[in-house]
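Let's take a walk through this structure together, moving from single residues to a helix and then to an open space.

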Amino acid sequence: FDACWPRAERAVRLAREDGAQELLAFALGSLGMNAYLAGGTSRVPVPDLRRACVEGVELAGVVGSRYTQLFAGFLLATAHFLSADFTASEELFAETLALARAEGTALEYPGFFLAVWADSCLARGDVEAAIAKAREGIELSDSGGMWFQGALARAALVDALVHANAPEQEIRNLLAQARELVSRSGGNSLLPRLREAEARLEARSDATLLAAGLREAEAMYRAMGAPDPADRLARELAA
């Protein structure tokens, strides 16, 4: 992410300077995707991520590309999630996904955004909905051969299953599958999240393992330039 954010800022600036409206819509919206993967918005190179994603939706409407409109809608829903506006996030995910399916476009992305949707459900305490959305994301990703999205949806499912106190072997199988898909795709940004979930699973049988596992995940987050989840774990460890 140390390399990500300067490039993201440059993409927005160049698209704006050149009047490339469709590219600007993508550049603004993609800030939301990157912030989700970074686990927070502290390093986003705009003052207001949600406002940037709203501008992306508005530009997509001017351009008139249905694909761009749907993509921008998914990304605004992600920004709503990152702003802890879970109701707005899930309503927009539902609306945008229904439109994408009805119109047969932007369908390479739902596996990713179903994972975000699952995280939103878990954040507001609806574990069953989180599990259902994550499983749907896995099914879509696997059917399309989308390795990273499949890994992400599995990470979301693991978090939900850990919260639900699901059987350990089921969770370990999903962790192994997710790591294999990360290896295939190069999507290493998921590795700290998987390590954190694994630490919480290990703590079921030995509570002393939790702190060591969370410290390892914190160090991994910091090494990849993602301070928000690292700080979250540091606060938990200090409590």
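Two residues are in contact here when they have heavy atoms within 4.5 Å of each other. With that in mind, and remembering that this is a predicted model, let's begin at Ser141, which sits in helix 7. Leaving aside neighbours within four places in sequence, Ser141 is in contact with Gly111, Met146, Gln149 and Gly150. Ser141 has 0% relative accessibility, so it counts as buried.

From there, step on to Gly145, found in the loop between helix 7 and helix 8. Gly145 is partly exposed, with a relative accessible area of 47%. Its C-alpha atom is 9.8 Å from that of Glu108, although Gly145 and Glu108 are 37 residues apart in sequence.

Now follow the chain to the loop between helix 8 and helix 9, where you will find Asn165. Its phi is near 60°, a positive value in a residue other than glycine. At 57% relative accessibility, Asn165 counts as exposed, because the cut-off for that word is over 50%. Ala84 also has a positive phi in a residue other than glycine, near 65°. Ala84 belongs to the loop between helix 4 and helix 5, and with a relative accessible area of 48% it is partly exposed.

Helix 9 itself, residues 168–185, deserves a longer stop. How far apart should its ends be? At 1.5 Å a residue, the 18 residues of helix 9 should span 26 Å, and the end C-alpha atoms are indeed 26 Å apart, which agrees. The buried residues of helix 9 are Ile171, Leu174, Leu175, Ala178, Leu181 and Val182. Looking down the axis of helix 9, you would see these buried residues fall within an arc of 130°, so they line one face of the helix. The general background is that an α-helix has 3.6 residues a turn, so residues three or four places apart point the same way. What covers the buried residues of helix 9 includes helix 7 (127–143), helix 8 (147–163) and helix 10 (191–202). On the face turned away from the buried side, helix 9 carries the exposed residues Gln169 and Ser183. After helix 9 comes Gly186, with a positive phi near 80°.

Next, turn to helix 2, the place of Gly29. Gly29 is buried, with a relative accessible area of 3%. Not counting residues up to four places away in sequence, Gly29 touches Cys53 and Leu75. Gly29 and Leu99 are 70 residues apart in sequence, and their C-alpha atoms are 18 Å apart in space.

Helix 2 also brings us to the largest pocket, since helix 2 (21–38), helix 4 (66–82), helix 6 (110–123), helix 8, helix 10 and helix 12 (227–238) each supply at least two residues of its lining. About 840 Å³ of space lies in this largest pocket. Of the 28 residues that line the largest pocket, the closest to its centre are Phe81, Asp119, Asp159, Arg193 and Arg232. What kinds of residue make up the lining of the largest pocket? They divide into 15 nonpolar, 5 polar and 8 charged.

Terms used:
Residues numbered from 1 in each chain as written. Predicted model: local features only at pLDDT ≥ 70, side-chain atom pairs only at ≥ 80, totals over all residues. Heavy atoms only, no water. Helix = DSSP H or I, 4+ residues; strand = E, 2+ residues; numbered from the N terminus. Expected span 1.5 Å × (residues − 1). Buried < 20%, exposed > 50% of the residue type's maximum accessible area, 1.4 Å probe, protein only. Arc of directions from axis to C-beta. 1 Å grid on protein atoms, 1.4 Å probe; cavity = no way out; pocket = protein on both sides within 12 Å on 5 of 7 lines; lining within 4 Å. Points joined across faces, edges and corners; volume = space filled by probe spheres on them. Nonpolar A, V, L, I, M, F, W, Y, C, P; charged D, E, K, R; others polar.
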